[in-house]
Amino acid sequence: MDDNGKEVIIAPVRCQWCGEDPLYIAYHDQEWGVPEYRDHRLFEFLILEGAQAGLSWITILRKRESYRNAFDDFSWEKIASYDERKMAELLDNPGIVRNRLKIRAVVDNAKAFAQVIDRHGSFAEYIWKFVDGAPLNNQWNNIGEVPAQTKESEKMSKELKKLGFRFVGPTICYAYMQAVGMVNDHTTDCFRHQQIAAEQVR
């Protein structure tokens, strides 16, 4: 209560990058950094992180539903069969990033994704090995301490490229690791840091 008897609502402290956009806040509070083991969602984030290259993440979040509609709800089985005609159609879709290389990369990544599943049983089984199967709970005090890439993301990038994946440089791979909770990079003052760390401490 304040001096006038009115209830004072104190907003939780969030990571500095979050800003005030409701879409960004929802993503930060509900998804970013939460360990993800479902192949469907792992594929979705792989595609979205590749699309983000050179752009802001909020731009991609705003196009997320359009991506779901354009790419068959991120079904890698369907995407892997896209032909030149389908890719040309996508290039005319204003709801997604209309970049020929990025669109072709989605198809190539779908094929590579399917091959990884055939070999390992699931993509999650393969990708989580880069952090020994459990999230790395980092202790960054401010956004300036958070790295753009790490030795784990560099190794991931090299392996994924060998398997035929595209738009998977070490910086994109680290952003991917952050998004799917392979690392907990919420800063220590953010209310989500402790919540996520408490769920699964390495």
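**Figure 1. The side chain of D185 meets the side chain of N138 in a polar contact of 2.7 Å.** This and the other views come from a predicted model. A second polar contact, of 2.6 Å, links the side chain of D185 to that of Y174. To find D185 along the chain, look in the loop that runs between strand 2 (183-184) and helix 10 (191-199). Is D185 buried or exposed? Its relative accessible area is 3%, which is under 20%, so D185 counts as buried.

**Figure 2. A wider look at D185 takes in its contacts from other parts of the sequence.** Once neighbours within four places in sequence are set aside, D185 touches W32, N138, W140, V146, Y174 and Q178. Two of these names are already familiar: N138 is joined to D185 by a polar contact between side chains, and so is Y174. Two others, W32 and Q178, will return in the view of the largest pocket, where they are among the residues nearest its centre.

**Figure 3. The largest pocket holds about 440 Å³ of space.** Its lining is made up of 19 residues, and W17, W32, W57, A175 and Q178 are the ones nearest the centre. Helix 1 (22-30), helix 2 and helix 9 (170-179) are the elements that each give two or more residues to this lining. Which helix gives the most to the pocket lining? That is helix 9, with four residues. Sorted by class, the pocket lining has 12 nonpolar, five polar and two charged residues.

**Figure 4. E44, a residue of helix 2, is buried.** The relative accessible area of E44 is 1%, which is under 20%, and therefore E44 is classed as buried. Which residues does E44 touch, leaving aside its neighbours within four places in sequence? They are R64, R68 and F74. With R68 there is also a polar contact, side chain to side chain, at 3.0 Å. For a sense of scale, take G19: this residue and E44 are 25 residues apart in sequence, and their C-alpha atoms are 23 Å apart in space.

**Figure 5. The largest cavity has a volume of about 90 Å³.** How many cavities of 30 Å³ or more are there? The count is one. Around the largest cavity lie 14 lining residues, with I47, G50, A51, K102 and V106 nearest its centre. Helix 2 (39-52) and helix 6 each provide at least two residues of this lining. Helix 6 has the largest share, with five residues. By class, the cavity lining consists of 10 nonpolar, two polar and two charged residues.

**Figure 6. The largest nonpolar core brings together 56 residues.** Within this core, F123 and I127 have the most contacts. Helix 6, which spans residues 100-120, gives the most to the core, with eight residues. Now follow I127 outward: beyond its neighbours within four places in sequence, I127 is in contact with L42, M156, L160, Y176 and M182.

Methods:
Residues numbered from 1 in each chain as written. Predicted model: local features only at pLDDT ≥ 70, side-chain atom pairs only at ≥ 80, totals over all residues. Heavy atoms only, no water. Buried < 20%, exposed > 50% of the residue type's maximum accessible area, 1.4 Å probe, protein only. Polar contact = N/O pair within 3.5 Å; in protein donor to acceptor, adjacent residues only side chain to side chain. Contact = heavy atoms within 4.5 Å. Core = buried A, V, L, I, M, F, W, Y, C linked by side-chain atoms within 4.5 Å. 1 Å grid on protein atoms, 1.4 Å probe; cavity = no way out; pocket = protein on both sides within 12 Å on 5 of 7 lines; lining within 4 Å. Points joined across faces, edges and corners; volume = space filled by probe spheres on them. Nonpolar A, V, L, I, M, F, W, Y, C, P; charged D, E, K, R; others polar.
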